Amino acid sequence: MPIHNPDYYLTRGYKVRKNLWVEEVLGSGLTACIYRCQDTRFGDIKALKRFNDKPGILTPTIIDRIKTEPTLNIQSNNVVKSEEVFNDTFWNLLMPFVEGPTLRNGLESGQTVELSYATFITMGLAKGAGDIHKAGVISTDLKPENTIITPDSRVVIIDLGCFEYIGQKGELMLGTFPYSPREQIVNEKLEAYTDIYANGIIFAEMLMGKNAFNQVVDKQELALKRGYTRLDISSLHMQYPKAAEIIDHCIDPDPFSRYQNTQDLFNDLSGLYNGFFKQLVFVLSTGKNISVPQGKLTVGRDDISPGNPWISGKHLEIEFDGNQTAVLKDIGRNPVFINDRTRSIPKHKPIILHRNDVIWITDVPLSVNF
Ligand SMILES: Nc1ncnc2c1ncn2[C@@H]1O[C@H](COP(=O)(O)OP(=O)(O)O)[C@@H](O)[C@H]1O
Ligand SMILES: [Mg+2]
């Protein structure tokens, strides 16, 4: 195939608009090539999306979206948006470069994503989608290819090129199977629930792994022709019932039976996520709780009984592994007793705590829950 225009395909060292020095190609598709560039004015690294000018590709609506994207009011740690648009015979969008593989790269091995990490990634996607919705638009193109996971585990949605306006019918493409719900395929009104559907499908894909996911997607494609569109996640219901319930609430064929906003989805996801990391809790007789997350915590007078002269400012040191084992050290001035109060804990010697132990600092009981 002849190259349409040599200036569309750029090689290392090419300078775009005098200040963008091309380093490498990041990706190329039908509509655009994405280059990693150095902005020689400030020395920072950018991603440049350069649109193909082959006839028929850039419709007036797409050009309108290209021009509008930099003006969208999206501020998010979980979304990368173009900052600038310019035309040097080609349309170009300039955006911050985001380091890291796409979620698609991560799924290629065929391995499943561990439940807590998959939940964490879906939380980032829901948060990013919510930040997009706040700007009055929806992505309509959430999928693993358009999700980057940075080396410090930030989840970033890229490629807003197909955004549509909330509450209106889509004007661009009719979605990407299997990430797009029925209302997008048949061109009905689009809402936050349209992106929420994709969130659910991506969550299912991570938990199932490539092979099982592709199998249920193939079956769904067949079933679609008969008008039945629900992705079969029965295997997930057996393995991860709570996650499967959340997914089902995202991918209901009836958009009004889905989560109606990303905050509700995010809340359910974070409830699930927090459950993976148990906390140790000291319950005081006053009803107050002191929680010890995974790691080390020092507890003293102000936490337990402010003003109490028998309790040191730092009296107990607790280390909790987030799961089974909690270790306690008495580092205070006065002795600490355990359970029936006949046995004092040796100073500075770690002891292992058990569920329902009661620790006494003079007359103050702390019961242990985890
Ligand atoms: N801001 C960015 N930072 C780093 N890589 C990016 C960025 N934007 C796009 N890419 C890379 O380029 C690929 C294609 O970009 P995308 O915007 O999704 O274009 P397309 O329209 O071809 O889907 C992505 O999969 C990603 O690997
Ligand atoms: Mg893309």
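Two strands are taken to pair if DSSP finds at least two bridges between them, and helices (H or I, at least four residues) and strands (E, at least two) are DSSP runs numbered from the N terminus. The exercises concern a predicted model, in which local features need pLDDT of at least 70 and side-chain atom pairs count only at pLDDT 80 or more, while totals for chains, interfaces and linings use all residues. Residues are numbered from 1 along each chain as its sequence is written, and chains are lettered from A and ligands numbered from 1 in the order in which they are written.

**Exercise 1. Trace the sheet that contains β4 and β6, and state which strands stand at its edges.**

Step 1. Begin with strand β4 (residues 45-51) and strand β6 (residues 91-96), which run antiparallel and are joined by five bridges; within this pair, L48 has L94 in β6 as its bridge partner.

Step 2. Move to β3, which is joined to β4 by seven bridges, again antiparallel, with Q38 having I45 in β4 as its bridge partner. The two strands form a hairpin with five residues between them, and G43 in the turn has a positive phi of about 80°.

Step 3. Continue to β2, which pairs with β3 in the antiparallel sense over seven bridges, L20 standing opposite D39 in β3; this hairpin has three residues between its strands.

Step 4. Assemble the open sheet of six strands, whose order is β1-β2-β3-β4-β6-β5 with antiparallel pairing. Because β1 (15-16) and β5 (84-87) each have a single partner strand, they stand at the edges, and one side of each is left without a neighbour in the sheet.

Step 5. Add helix α1 (residues 60-68), which lies across β4, β5 and β6 and runs at about 35° to β6; here residues are in contact if their C-beta atoms, placed from the backbone, lie within 7 Å, and axes are lines fitted to C-alpha atoms, for helices over the stretch in contact, with angles from 0 to 180 degrees between N-to-C directions.

**Exercise 2. Describe the shell around ligand 1 by residue, class and domain.**

Step 1. A residue is near a molecule or strand if its C-beta atom, placed from the backbone, lies within 6 Å of it. Of the 18 residues around ligand 1, G27, G29, I34, A47 and D159 come nearest, and the elements that give two or more residues to the shell are β2 (20-28), β3 (32-39) and β4.

Step 2. Classify the shell, counting Ala, Val, Leu, Ile, Met, Phe, Trp, Tyr, Cys and Pro as nonpolar, Asp, Glu, Lys and Arg as charged, and the others, Gly among them, as polar: the result is nine nonpolar, six polar and three charged residues.

Step 3. Assign the domains, whose bounds come from an automatic or database domain assignment; at least three shell residues come from each of domain 1 (15-96) and domain 2 (103-274).

**Exercise 3. Determine how α7 and α8 pack and which residues meet.**

Step 1. Helix α7 (residues 241-250) and helix α8 (residues 262-276) pack at an angle of about 170°, their axes being 10 Å apart. That makes α7 roughly antiparallel to α8, since angles under 35 degrees count as roughly parallel, over 145 as roughly antiparallel, 65 to 115 as roughly perpendicular and the rest as oblique.

Step 2. K242, A243, I246 and C250 in α7 meet L265, D268, L269 and L272 in α8, a contact with six nonpolar, no polar and two charged residues.

Note on methods. Two residues are in contact if their C-beta atoms, placed from the backbone, lie within 7 Å.
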